Amino acid sequence: MVKLHKSPLPVGVTIKSGLDYRKEPVFSIIKDDCNNKCYICEEKGTTSMHVEHRVSQSFDPSRKYDWNNLLLSCGHCNRVKGSRYNTILDCTRVDPEAYISLRIAIGLYERVTVIKIGERDGVDETIRLLDTVYNGESTAILKYECKNLRAHVLAEVQTFQQLLDGYFEENDTALKEAFQRKISESISRASNFASFKRGIIKNNDTLFALFKDTL
Ligand SMILES: [Zn+2]
């Protein structure tokens with residue numbers, strides 16, 4: 001989970017029903033503010049798009065049409081979260097990366113490690129949500145969805161690792177700069193599974209010194 005910018009609603013646009021946030025221009029603003037990514041698992045370009053109520057409708061009906069409560073999620077995360085997690089970090093106001101770090105080791109059998117690195121209300125619940133989103137196995141469907149999701153994370157991280165290796169092995173200045181540009185794009189908050197790649201940079205002194213300005 002990364003920090004997101006929530007744009008203001010255009011003048012004259014109001015949300016009074018679920019249909020209002022499923023149609024234009026509202027849905028596109030939600031999608032673009034979330035960088036076309038699920039705000040929970042950070043998969044980009046998901047084919048299953050939901051307008052997710054960060055604070056669930058059943059927990060606080062007054063937030064049902066609250067613009068600041070509406071974010072983009074995938075179907076998997078929308079189902080996992082449901083109305084069970086209502087005090088998770090508000091990623092439009094605080095930076096989740098200051099409190100939570102995500103790691104995955106090489107190997108499809110590996111689980112995602114969700115590490116607490118800062119204390120704040122909502123951190124523990126967000127960690128429980130992320131752990132279930134990536135590692136849940138309370139039902140067969142959840143287990144296989146999580147396994148598929150981890151495979152997508154792993155593929156992204158392995159491609160990123162190849163970029164890093166390419167950068168360090170390259171001697172040609174122009175090609176090295178091309179690797180540097182690709183790495184910088186790949187660690188933007190808007191990128192696919194950004195938290196994992198940004199975590200790799202932050203947790204290595206050499207990489208952090210090289211790329212901290214583009215984090
Ligand atoms: Zn998701």
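In which hand, right-handed or left-handed, does α5 pass α7 in their crossing? This tour of a predicted model comes to that pair after two other stops.

**Stop 1: helix α4**

Select residues 123-135, which form helix α4. At 1.5 Å a residue, these 13 residues should span 18 Å, and the C-alpha atoms at the two ends are indeed 18 Å apart, so expectation and model agree. Now colour Val-123, Thr-126, Leu-129, Leu-130, Val-133 and Tyr-134, the buried residues of α4. Turn the view to look down the axis of α4: these buried residues fall within an arc of 125 degrees, so they line one face of the helix. The spacing fits a general rule: an α-helix has 3.6 residues a turn, so residues three or four places apart point the same way.

Next, show what lies over that face. The cover on the buried residues of α4 includes two helices, α3 (75-81) and α5 (140-169), along with the strands β3 (100-104) and β4 (112-116).

**Stop 2: Gly-122**

Select Gly-122, in the loop between β4 and α4. Is Gly-122 buried or partly exposed? Gly-122 has 16 C-beta neighbours inside 10 Å, and therefore counts as partly exposed. Beyond its neighbours within four places in sequence, Gly-122 is in contact with Thr-87, Ile-88 and Leu-89. Add Pro-96 to the selection and check the C-alpha to C-alpha distance: Pro-96 and Gly-122 are 26 residues apart in sequence, and 10.0 Å apart in space.

**Stop 3: α5 with α7**

Select α5 again and add helix α7, residues 194-202. Their axes come within 9 Å and cross at roughly 40 degrees. The two helices are therefore oblique to each other. As for the opening question, the crossing in which α5 passes α7 is right-handed. To see the contact, show Val-153, Val-157 and Phe-160 on α5, then Phe-196, Lys-197 and Ile-200 on α7.

**Stop 4: α5 with α6**

Keep α5 and select helix α6, residues 173-186. Here the axes come within 9 Å and cross at roughly 150 degrees. Because of that angle, α5 is roughly antiparallel to α6. This crossing is left-handed.

Which residues of α5 meet α6? They are Phe-160, Leu-163, Leu-164, Gly-166 and Tyr-167. On the α6 side, show Lys-176, Phe-179, Gln-180, Lys-182, Ile-183 and Ser-186. End on Phe-160 of α5, which takes part in the contact with α7 and also in the one with α6.

Methods:
Residues are numbered from 1 along each chain as its sequence is written. This is a predicted model: local features need pLDDT of at least 70, side-chain atom pairs count only at pLDDT 80 or more; totals for chains, interfaces and linings use all residues. Helices (H or I, at least four residues) and strands (E, at least two) are DSSP runs, numbered from the N terminus. The expected span of a helix is 1.5 Å times one less than its number of residues. A residue is buried if 20 or more other C-beta atoms lie within 10 Å of its own, exposed if 12 or fewer, and partly exposed in between; C-beta atoms are placed from the backbone. The arc is that of the directions from the helix axis to the C-beta atoms. Two residues are in contact if their C-beta atoms, placed from the backbone, lie within 7 Å. Axes are lines fitted to C-alpha atoms, for helices over the stretch in contact, and angles run from 0 to 180 degrees between N-to-C directions. Angles under 35 degrees count as roughly parallel, over 145 as roughly antiparallel, 65 to 115 as roughly perpendicular and the rest as oblique. A crossing is left-handed if the near helix is turned anticlockwise from the far one by less than a right angle, and right-handed if clockwise.
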